[in-house]
Amino acid sequence: MRHVGENLDTLLGDYLKPIETNWQPSDFLPDSRQEDFPEQVRLFRESARELSYDYMAVLVGDTITEEALPTYESWLMDMEGVNQAEPTGWTSWIRGWTAEENRHGDLLNKFLYLSGRVNMRAMEVSTQYLIADGFDIGTGTDPYKNFVYTSFQELATNVSHRRTATLAKQAGCPQLSKICGVIASDEMRHAKAYKAFVSKIFEVDPSEMMLAFEEMMRKKIVMPAHFLRETGVKLSQTFSHFSDAAQRIGVYTTNDYIDIIDALLIDWHIDAVTDLNDAGQRARDYLMALPARLRRVADRTKIPTLEYPFSWIAA
């Protein structure tokens, strides 16, 4: 962590944007200072009417996931090699990343509020539950495992937001398409940062980094909102219905999960990593064979058709 952190200040400029010139949620929303604000909101609501039930459920689930940032920041700050009491490149990265990610939930929340399609209180209850329940992503305080997780997760959210952008445009909701598109762009930039951290670790500690990658793939990457629930619903039950809706409309599927593994194998040049010990070699063999094995299973997986009445959806 000290080795990777030595040049982190340089990397921050590549993967975080200056606050003063970065986009903010208000750039994409009706301006309440303007006289025509009610008309802007009316047009906003009309454009959201054609979004499907499953789409709205996925968008709410995505929003709740983004708004659980207190959990994610505190988790990363607890990694070995990070001391939030000391200003270092790592604390600057985590806080800067959090500050950029915080805009995502703010923007999506305001869109949903103005859309008139969502029971905001029910959604807010789920958000509070998700933060209060916390999460366990199987990484502990190990930065190697955490960076595998964040590399994967940022790529997954990029896929999800890109797909919601495309579907919003097809449904005649250009404002939402822009919103999801700009969020997807942030997620890809952040994914590049976390992937760069892993690449640098591979340079100095290849076997342990390979073993961390293998362990995370054997456990399977759980989504950060995997404890998602609603009032009167058990832990994680709402998340399974949210995942089903995402599968039905093609926002994030089993094949996307496998494609991300493939992408990481290529980006980290797993087939060409040198100086591996015997355990590292076995880990690489497992990783290289994994996508094909998962695809054989995915081919037999049926997309869930059961619809679920989310408490979040008003209309």
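The side chain of R189 reaches over to the side chain of E100 and makes a polar contact with it at 2.9 Å. The model here is a predicted one, and R189 is a handy place to start reading it. R189 belongs to helix 9, which runs over residues 174–204. With a relative accessibility of 12%, R189 counts as buried, because the cut-off for that label is under 20%. Setting aside residues within four places in sequence, the contacts of R189 are D14, Y15, L16, K17 and E100. Two of these partners, Y15 and E100, turn up again where helix 2 meets helix 6.

That meeting is worth a look next. Helix 2 covers residues 8–15, and helix 6 covers residues 89–115. Their axes come within 9 Å and cross at roughly 15°, which means that helix 2 runs roughly parallel to helix 6. The crossing is right-handed. On the helix 2 side, the residues involved are L8, D9, L12 and Y15, and they meet G89, W90, S92, W93 and E100 of helix 6. Sorted by class, this contact holds five nonpolar, two polar and two charged residues. So E100 can be placed twice over: E100 takes part in the contact between helix 2 and helix 6, and the E100 side chain is also the polar partner of R189.

Helix 6 has another packing partner in helix 5, which spans residues 69–77. Here the angle is about 170° and the axes are 10 Å apart, so helix 5 is roughly antiparallel to helix 6. From helix 5 come L69, Y72, E73, L76 and M77, and from helix 6 come T91, I94, R95, W97, T98, E101 and N102. The class breakdown is six nonpolar, three polar and three charged residues.

Back to helix 9, this time for its packing against helix 4. Helix 4, residues 53–67, packs with helix 9 at an angle of about 40°, and the two axes are 14 Å apart. That angle makes helix 4 oblique to helix 9, and the crossing is left-handed. Y55, L59 and E66 are the helix 4 residues at this contact, and L176, C180, I183 and E187 are their counterparts in helix 9. In terms of class, there are five nonpolar residues, two charged ones and no polar ones.

Further along helix 9 sits K195. Despite its charged side chain, K195 counts as buried, at 13% relative accessibility. Apart from neighbours within four places in sequence, K195 is in contact with S151, L155, L264, D267 and W268. For one of these partners, L155, the separation from K195 is 40 residues in sequence and 9.9 Å in space, C-alpha to C-alpha.

L265 is in helix 12, a helix that runs from 254 to 267. L265 is buried, with a relative accessible area of 7%. Beyond its neighbours within four places in sequence, L265 is in contact with F213, I270, L287, M288 and P291. M288 lies 23 residues from L265 along the chain, and the two C-alpha atoms are separated by 7.3 Å. Among the L265 contacts, L287, M288 and P291 fall within the range of helix 13, 278–298, and F213 falls within that of helix 10, 206–219.

The loops offer a few residues to check by eye. Most residues other than glycine have a negative phi. S236, which is not a glycine, has a positive phi of about 80°. S236 is found in the loop between helix 10 and helix 11, the latter covering 237–248, and at 23% relative accessibility S236 counts as partly exposed. H269 also has a positive phi, near 50°. This residue lies in the loop between helix 12 and helix 13 and is exposed, with a relative accessible area of 52%.

Last comes Q34, placed in the loop between helix 2 and helix 3, where helix 3 is 37–48. Q34 counts as partly exposed, at 39% relative accessibility. From Q34 to A171 the separation is 137 residues in sequence and 27 Å in space, C-alpha to C-alpha.

Key
Residues are numbered from 1 along each chain as its sequence is written. This is a predicted model: local features need pLDDT of at least 70, side-chain atom pairs count only at pLDDT 80 or more; totals for chains, interfaces and linings use all residues. Side-chain values use heavy atoms; hydrogens and water are left out. Helices (H or I, at least four residues) and strands (E, at least two) are DSSP runs, numbered from the N terminus. Buried means under 20% relative accessible area, exposed over 50%, partly exposed in between (1.4 Å probe, protein chains only). A polar contact is a pair of N or O atoms within 3.5 Å; within protein, one must be able to donate a hydrogen and the other to accept it, and residues adjacent in sequence count only if both atoms are side-chain atoms. Contact means heavy atoms within 4.5 Å. Axes are lines fitted to C-alpha atoms, for helices over the stretch in contact, and angles run from 0 to 180 degrees between N-to-C directions. Angles under 35 degrees count as roughly parallel, over 145 as roughly antiparallel, 65 to 115 as roughly perpendicular and the rest as oblique. A crossing is left-handed if the near helix is turned anticlockwise from the far one by less than a right angle, and right-handed if clockwise.
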